[in-house]
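Q: Let's zoom in on one part of this model. Which residues are around the ligand? Please also go over the sheet and helices that go with the picture.

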Amino acid sequence: MSILFEPMKIMHMDLRNRFVRSATYDGCANKNGYVTENQMDLYSVLAEGGVGLIITGITYVHPTGQISSFQNSIVGDEFIHGFKRLTAAVHSRGAKIAVQLFHAGREARFPDSSQSARYKQSLKPTGQCLPNHVPTFTPKISTFNPSISYIP
Ligand SMILES: Cc1cc2nc3c(=O)[nH]c(=O)nc-3n(C[C@H](O)[C@H](O)[C@H](O)COP(=O)(O)O)c2cc1C
């Protein structure tokens, strides 16, 4: 039998097999980023299908880090309840689940325009706001030039 069907351990997490549903943004959160019944159904079906581990889609950890509408959020404790329900649904079907923590950095967009002004400042990697006059420009692989100091 293929090793794919054999159980394995990742640290303290026991997986029933080695099939992993890779992180997939589904656009099925509600508009405020909460887990929805659609997602409960989707993840339940995935777990019932026999996968060992499901990684959620990109889940933003701060309002400045959102990139898409209907994207899951974990910016505060109020989001725990939904993820607990999702986790219980997945566990009861024998699979495990991991959340993909995410911040969009320079790619961040603010689908809710009422938030836009508040979060227009650039952020240092440490999370401190850069002064307003500093243009929003942080390196990404394709533009990164080691001879330029991006962070003042
Ligand atoms: C619709 C869609 C959404 C995706 N969302 C995410 C995501 O939220 N996070 C992530 O790391 N990768 C995401 N991916 C990338 C997939 O997890 C995967 O790495 C990619 O599809 C390549 O896998 P493959 O080589 O098995 O096709 C997404 C891919 C697709 C097609």
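A: Let's fix one term: a residue counts as near a molecule or strand when its C-beta atom, placed from the backbone, lies within 6 Å of it. By that rule, the shell around the ligand is made up of Ser-22, Ala-23, Thr-24, Tyr-25, Gly-57, Ile-58 and Gln-100. Sort them by type and you get three nonpolar, four polar and no charged residues (nonpolar means Ala, Val, Leu, Ile, Met, Phe, Trp, Tyr, Cys and Pro; charged means Asp, Glu, Lys and Arg; the others, Gly among them, are polar).

Two bits of housekeeping. This is a predicted model, with local features needing pLDDT of at least 70 and side-chain atom pairs counting only at pLDDT 80 or more, while totals for chains, interfaces and linings use all residues. Numbering starts from 1 along each chain as its sequence is written.

Now the fold. The chain has two helices and five strands, running β-β-β-α-β-α-β along the sequence; these are DSSP runs numbered from the N terminus, helices being H or I with at least four residues and strands E with at least two. Three of the strands make an open, parallel sheet in the order 3-4-5, where pairing takes at least two DSSP bridges between strands. Strand 3 (20–21) and strand 5 (96–102) are the edges, each with a single partner strand, so one side of each has no neighbour in the sheet.

Strand 4 (residues 53–60) and strand 5 are joined by six bridges in the parallel sense. Along that pairing, Ile-54 sits opposite Ile-97, and Ile-55 sits opposite Ala-98. To get from strand 4 to strand 5 the chain goes through helix 2, a right-handed β-α-β crossover (with the strands pointing away from you, the path from the first strand over the helix to the second runs clockwise).

Helix 2 (residues 80–91) packs on the sheet, touching strand 4 and strand 5, and its direction makes about 145° with that of strand 5. Contact here means C-beta atoms, placed from the backbone, within 7 Å; the axes are lines fitted to C-alpha atoms, for helices over the stretch in contact, with angles from 0 to 180 degrees between N-to-C directions.

Finally, helix 1 (residues 37–48) holds Asp-41. Asp-41 is exposed, with 12 other C-beta atoms within 10 Å (exposed is 12 or fewer, buried 20 or more, partly exposed in between, with C-beta atoms placed from the backbone). Its C-alpha atom is 9.2 Å from that of Leu-86, 45 residues away along the chain.

Note on methods
Two residues are in contact if their C-beta atoms, placed from the backbone, lie within 7 Å.
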